[in-house]
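Work through the exercises below with the sequence and the model open beside you. Each one sets a task and then solves it step by step.

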Amino acid sequence: MVEPILSVSNITRDFGTFRAVDGVSLDISGGSITGLIGPNGAGKTTLFNVLTGMLPPSSGSISFRGKDVTCMSPDRLFELGLGRTFQIPRPFSRMSVLENVMLAPLAQIGERLSGPFLRSREMRNQEQAIHARAMEVLKFVTLDALADQAAGQISGGQKKLLELARVLMADPQLILLDEPAAGVNPSLTRVLIEKIEELNDAGKTFLIIEHDMDFVMKHCDPVIALAEGKVVFQGTAQEAQVNPILLDAYLGAQADV
Amino acid sequence: MIGLLSYLVFFATVAAILSIAVLGLNLQWGNTGLFNGGVVAFFGAGGYGTLILGGTPQADHLGGFALPYLIALSGGMAIAGLLAWGVGILTLRLRHDYLAIATFGVAVAFENLMRNAEGLAGGAKGLRGFERPLRQALGDGFTYNLLFLIFVLGLLIATYIFLERLIRSPYGRLLRAIREDETAAMSLGKNPARIRLAAFIAGSVIMGLAGGLYATFYAFISPQDVLPILTFQIWAMLIVGGAGNNKGAVMGTFLIWGAWTASGWGLSRFAPLEVQLYTGSLQFILIGVVIVGMLLWRPQGLFEEKLVVSQSGRAKHLKQQGVRE
C-alpha cells in the first residue's frame, strides 16, 4: 500500500442543524484516479469544499502529503499542491483565456507591488516564461486557438478545460475535479478523459466527482460512494456495480427519477 | 482674453485634480471591483491632512505644523492611506453594495466630524492659516496659477503612468481576477483579502493626493468640500469615461466637470429667475440622469476596458467579443 497523499479522518460538516458531511474517513492513494459518487445532496461537493479549505470542517482532521492541513485556507492548500475545479465553472470572464491561465503560477514577482517598479527586468523574464508555459498548457487542453478570447465567451465545456489548464499551471500533486464531464459534449469529454489519463500516467493523483457512471466505471479506481453525508462504499468499480447498498442508495435513487 | 485664459487655467487645474481622484477610484472599482461609496472621506483626509501639516500654527484648532509643502502633501496622502487601512480592515468582509453603504457612512461621518469637532479642524468655518507654497516668490497672479497647473499636470501624468504600469503587470492581472471571481482566485493560491486591502489603500492614497492638491489650490478646506455630491460627481466621471480604462477616467473627468461647470453657468445666465434659485438642485438631477443613462445605454463607458491578450500588447475591446458584466 502506497502512503496516502490525502488522508481524511472523521470529517463532519454541519449547516445549522443539517449534517451535510457525517463522519467521513477516507484515504486517497498517490497516483490513483479515485471516483467519488453518490446521489444528489449526498454531500460530495460539501466534502470537496472542506477538503480544499473553502469550508472549515465542524470536526475531524485532514492531512495532505503527511502534513496536517485541517482548516487551512484554499490559497495555502493550492501552494502545497492541491488544486481543484468547480462544478459550475468559474472563469475570470472579462479576462482573456490566456490571462486566466497566466494568473495561476505561484510566487510571481509581479504580484507584489514592488515587482513592476523595482524588479521589472526580473518580472519581464518571469512573465515570458509563464507566457510560454501557459501556451503549452493551453495547447495540451486544446484551447490554444482561443487564447485571446474573453473567458466569458467560450463554451461551457471549454470552460471546464480552462479550469483544468489553470490548475495545471501550478503543477499540483492532487487535483480534485467536480463533475468534469457534466454538460460537456462527448468529443470534449473524450479530450478531457484523455488528458486526465495522460496526467495520471505522469504521476498526478485525481479525486473526481462524477455522475456519469460509464466514466466512473471505465476510468476510476477505486470508487468511493457517499449517501446522506456518509461513506457507504469503498472498493473497485466492478464491486461498486454489484454492491447492494450502493444500488439501493444511488442507482435506486436514480431509477426513481 | 486674459480673463478667458485665466479661467481655462482655473478649469484645467480643478479638472486635473479631480482626474487624479477618479484614477484612484478606477484602481479600486474599475480594476479591483471595490465599490467605494465614500470617496470624499479619503479626498478630504488628504486635503485636511495637507493643510494641518503644512499650515501655520492656529490657536483654535489642531496644527498647523508648518512643515515644508511636499512633506505636508505626502503626509496628507499618508493620512488618507491610514484611514483607508482602518476602514479596509473593518470592511474586509463586505462586498459590493454592502461595502458601498459602509464607505458612504464613513464619508458622512467624516464630514460631520469635520463640521462639529472645531478643536480638530476648525469646524464649519473651515481650516485656515495655510499659505500656498512659493506664494511670496510668485505672487497670487496668473503666473502662479499657471505654474500650479503644470505641477498638478505633472502629478496627474505620474499617477497615470504608475497605474498603467501597475495594471499591465501581473499585479493588474491579480486585481482583475479578484474583481471577476474571488473564490476562483483563492482556489488558485491567491489571497483576496490582502490584495483587496492593498488596492483599497493604494486607491485611497491617490484620492488623498487629489484632496491635498485641491486644498492647496484654494488654500482652504471646509466641510462644504467633502459633501456626498463630490463622491457622486467622481463616480459619474468614471462611469462616463469607462471603468477599467485609465484614459477613459481622465477623459470622463474633463467631460463631466465641463458639463457641470457649463450647466451651472448656463442655468444662471439663461434660465428664468425662479429656476435659477434651484440651480444646485437641477445640477444634482442632471448628474443623476447622466449616471443612470450611461448605466442603461453604455455601461462600459465612452472608453471601454481593453482585454489584455498577451505581452505583445495587442488588445481587443471587450465589447467586440460581447462580454458583459
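**Exercise 1. Decide whether G105(B) is buried, exposed or partly exposed.**

Step 1: a residue is called buried if 20 or more other C-beta atoms lie within 10 Å of its own, exposed if 12 or fewer do, and partly exposed in between, with C-beta atoms placed from the backbone. Step 2: G105(B) has 15 C-beta neighbours inside 10 Å, and therefore it counts as partly exposed. Step 3: to place the residue, note that G105(B) lies in helix α4 of chain B, residues 96-116, where helices (H or I, at least four residues) and strands (E, at least two) are DSSP runs numbered from the N terminus. Step 4: look also at A41(B), which is 64 residues away along the chain, while the C-alpha atoms of the pair are separated by 9.6 Å.

Before going on, keep in mind that this is a predicted model, in which local features need pLDDT of at least 70 and side-chain atom pairs count only at pLDDT 80 or more, whereas totals for chains, interfaces and linings use all residues. Residues are numbered from 1 along each chain as its sequence is written, and chains are lettered from A and ligands numbered from 1 in the order in which they are written.

**Exercise 2. Find the strand order of the open sheet of 6 strands in chain A, and explain what marks its edges.**

Step 1: two strands pair if DSSP finds at least two bridges between them. Step 2: the order that results is β6-β7-β8-β3-β9-β10, and the pairing is mixed. Step 3: β6 (82-84) and β10 (230-235) of chain A each have a single partner strand, so one side of each is left without a neighbour in the sheet. Step 4: from one strand to the next, the twist averages 20°. Step 5: for one pair, take β7 (residues 174-178) and β8 (residues 205-209) of chain A, which are joined in the parallel sense over 5 bridges; there, L176(A) has L207(A) in β8(A) as its bridge partner.

**Exercise 3. Describe what each chain brings to the contact between chain A and chain B.**

Step 1: two residues are in contact if their C-beta atoms, placed from the backbone, lie within 7 Å. Step 2: chain A gives 34 residues and chain B gives 30 residues. Step 3: on the side of chain A that touches chain B, at least two residues come from each of α2 (74-80), α3 (97-103), α4 (115-118) and α5 (120-140) of chain A.

Notes:
Axes fitted to C-alpha atoms, helices over the stretch in contact; angles between N-to-C directions.
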